[in-house]
Amino acid sequence: MKMSAQVDRRGRRLVAGVFLVLGVFQVPQHLEAQQTGTVSGTVLEAMTHEPVSSAQVTVAGTDLGALSDAEGAYRIEGVPVGPGEIRIQRLGYAPMVRSVEIEAGLTLELNVELEVSVLALDGLVVTALGVQRRRELGNSASTIRASREVEMASPPSLSTLLQGRAPGVQVLQSSGTVGAASSITIRGHGSISLSNTPLIYVDGARVSNTLDSGPSVGGQTISRLDDLSLDDIEAVEIVKGPSAATLYGTEAAAGVIRITTKRGRTGMNEWTFRSELGANWDDTDWPDRVFNPRAFFGEQAPDTLYRMNLFTQDGTDLDPWRTGLEQSYGVSFRGGIEGVTYYLSTTLGHREGSLPNNEMTRRNVRGNFNIHPSDRVDISLSTGLGSHSLALPENDLSGFGFLGAALMGSPWLMPLVRTDPTTGDPGIRTCPLDFEVSRAFGVPLGTEGCPGNPFSGGQTFEDAATIERGQKIERFTGSATVNFRPIDVIEASGTVGYDQFSTQTRTFFPVDPAAPFGDLSAGFRETEDAVHRNVTLDGTISATHEITPELRSTTSVGGQFFAHKVEATGSVGRTLPSGTKSVGNAVRTEGSEVISETRIMGVFVQQQVAFRDRIFVTPAVRIDESSAFGKNLGREAYPRAMASYVISEEEWFPGSQFDSFRLRGAWGESGQQPSAFASLQLLSAERVTFRGEDRAGISLDQPGNPDLRPERGREVELGFEADAVGGRLGVDFTWYRQVTQDAITTRFLAPSTGFPSQMYTNIGEARNRGLELGLSAVAVSRPDVRWDWRLNAGKSKGKITRLEEPIFMGIDGVAQRHQEGYPFGSYFSVDYFIGEDGDVESTEEAVFIGHPTPEFEGSLSTTLELLGRVTLHADLRFAGGHQLFNSTQEFACGFLGGGRYGGTCPEIFETEADGGSTDRARIKQVAASRIHFAPWMEDADFARLRTVSARIELPARWLESLGGTRGSFTLVGENLALFTGYSGVDPEVNFAGGAQAVRSEFLTLPPGKRVTGRLAITF
């Protein structure tokens, strides 16, 4: 028993010892667990209260963090106890910092609502180096939350989405034709002869920004930018000017538009169904056409006016107008598991225009995937497919179109019913010409034989509807980006992008000898098939080194390769057999083939030094080589330097007045390369008949220039950003000055050289300066009511400062010109005025009248949110300080030689109370008779109520019955009111479509009114 007791005591001591030893090891772990806590919650958008996915939630001073999932939920474990800060940031939202007190072993619930803000200093911006904080940039950066704008305003295209939503970005809607391109410029015009259209990037891949890949319809063009589905776009970043675009290289002087598409979310999968139905219609007050008999018969005829308006069915039973129906349907699926997220979508949309032969169908499919194989590697895949078709009506510079047939019609031939002046017979069908002949010469009605068709050239709206112009397009855009962080201080990124679109463009005039189309009435067919390919290879690597606790260095190096190739074939067939559209069956045929390719290789290095995370100094340089450069040129270098100072974080700064205040500045250069063949000497093949046989011959075509270099844009910009009154007032101000040197123009060569064309050479210079202002204010911020305002405004003024000889252009070849000392594309004409003696006088030569580029533009918008359920929105767009050539009216005023009684425009027949012509009418009478344009180059200032919308959150009980989690219905009205002193149909239109130099109104359909309803439900 004694021994047994000893064993038992020893056993108990052994067990106690084991537990004691284990306890020694367990106590630190237990104590550690007791010294940490957990933070969890949801991230919502303040306005819509919808979940915000992929928000970065981090614990300040640690490596702890998480991304919010599809429901906006996040969870961070192992957070040290005690006071701390939680930071939440997401691209396009104002970042938030919340102070917290973490208790050991407990979970703190922290729910936050992020406000949309473009002024947030710690907001994230997509740049050439990836995602950076706004506070680090020395240049202005504008972000458009596309997904939010689409829900609020439902714009019909990406071009219209950009209108007025970023200061300094000018978008003119050149036509109301469905599918027609808009003109887009950033900070005015830097190039004289080359494109001023910004570069376009989609998910890191450079894609085509061409405006000339569609059918030629008088002048309207098609923008490839509008191929993208708005429902797939998350955000748009605007890179403005050469100082910001240096790292983008030789073709970036006109700016860059970076588009980020939607991505997947971890967590629960969700489906979103979208449906949109609407209509558009023309509501233009189309001008009358008039006829004064004295134009034909002199003073013995009565001084009276016959009025005709073929768009309101005066004298005809035909009416070209229709209500264009619009419909769009889309489904998207997003979700993911740990390590993989995905976003899939498909959209089908169809829009009809207000005229026949105008409709567009777009089919888009997108698949985006994000893969996170480890904490050090992120892989992003982006793919988009599009299949589109477009039909355009004949208009603009074409007299065969609907507008030409009516506005150039002959009012002296419009049908009338009158009593015969000679016989007294009532109810005789006649026309003004026949009626006046009867009155003047005493002959019965019918002597002149009225044709009963007052349309131009004897055609009708039905004739115009037989002309077919259209295009089909198949497009693929894809990119793959790999982000790699081998160690904490090194980040590397590589992108491969590919953009290809194939177009089939067709024009057809059917065989109809009775049609009023001249030789084309015998049948005409034109085809063009083209393939555009764009390849992007990008790579960067950045190393960050903490020199001291307050001083940080970040060195970035990278390179880019871009190749663009076009292969196009065309054919033309004239005089076709009836019933066929084949060029091969035509009596006369022509063929063409074009192959064009350019390649650019660039490398860059950037060094950023940051002091106390509030002062940033960043010099950089990019070096490019391009196949479009002259062979004697070599490489081009583009330097940049920028600085940013978050002055509000200094202890001495008066924080009671400002929540944040940042000073910034940037200086830099970027280029605009010549066109593919501009530097090359070209020969053309000619058919030569020698001894009765056709042989191939060679003729001189283009002289080439081996010293041709790219245009060089140099810019300096200074600005500041400030938030005040608890973030309820925000200001973003920028001043900039640009100089474009080595501007490319053409120079005439001596005839002895044998070259019929001119030589491209660097002999021009242009200067541009301006101001940009973004102002946001929250007028009311209460739990149930939020009312905010936003003003975007830009002022830009430029001129050509060096150009040896004027470049003439315009609708008639001389109305506009590029000329030293004057703005881009200025209007020139002999000017008319009333002299001291009361007579109409004129200048001896053509003088400067104005220019077509707005000197100021912007938008004012307001949003009112009520009870968290209803959101009202309105947007007013404005532009001014420019002129537009009303060529439609000038052409009509010049009919029959113009003068006091000629012309078919009512303006030259305006009279005073005593019956005499007004001064304006007298001036137009003389100018029209001499074919001068000044009286029709008018101020084109305007303000347009672009959008009015109401968005309603669907009741929860409705959604529950459908199995949905959230939903909304939005009703949108567009182009509801126009305020302008311009006398033409619309101050924004341009017969030349998206062209930036040539601008005139000539037989162009203005933007119509539009109403649409949008339903979106998420399951």
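Helices and strands here are DSSP runs, numbered from the N terminus, with at least two residues for a strand. Keep in mind that this is a predicted model. A few spots I'd look at:

1. Start with Arg187. You'll find Arg187 in the loop between strand 13 (183-186) and strand 14 (199-202). Despite the loop setting, Arg187 has a relative accessible area of 1%, so it counts as buried, the cut-off being under 20%.

2. Now the backbone at that spot. Most residues other than glycine have a negative phi. Arg187 has a positive one, near 55°.

3. Asn975 is worth a look for its backbone too. Phi here is near 55°, again a positive value in a residue that isn't glycine. Asn975 sits in strand 50, which covers residues 966-980. With 6% relative accessibility, Asn975 is buried.

4. On to Thr918, which belongs to the loop between helix 9 (887-893) and helix 10 (919-929). Is Thr918 buried or exposed? Its relative accessibility comes to 12%, so Thr918 goes down as buried.

5. What does the side chain of Thr918 reach? The backbone nitrogen of Ala921, at 3.1 Å. Ala921 aside, and leaving out neighbours within four places in sequence, Thr918 is in contact with Glu910, Thr911 and Glu912.

Conventions
Residues numbered from 1 in each chain as written. Predicted model: local features only at pLDDT ≥ 70, side-chain atom pairs only at ≥ 80, totals over all residues. Heavy atoms only, no water. Helix = DSSP H or I, 4+ residues; strand = E, 2+ residues; numbered from the N terminus. Buried < 20%, exposed > 50% of the residue type's maximum accessible area, 1.4 Å probe, protein only. Polar contact = N/O pair within 3.5 Å; in protein donor to acceptor, adjacent residues only side chain to side chain. Contact = heavy atoms within 4.5 Å.
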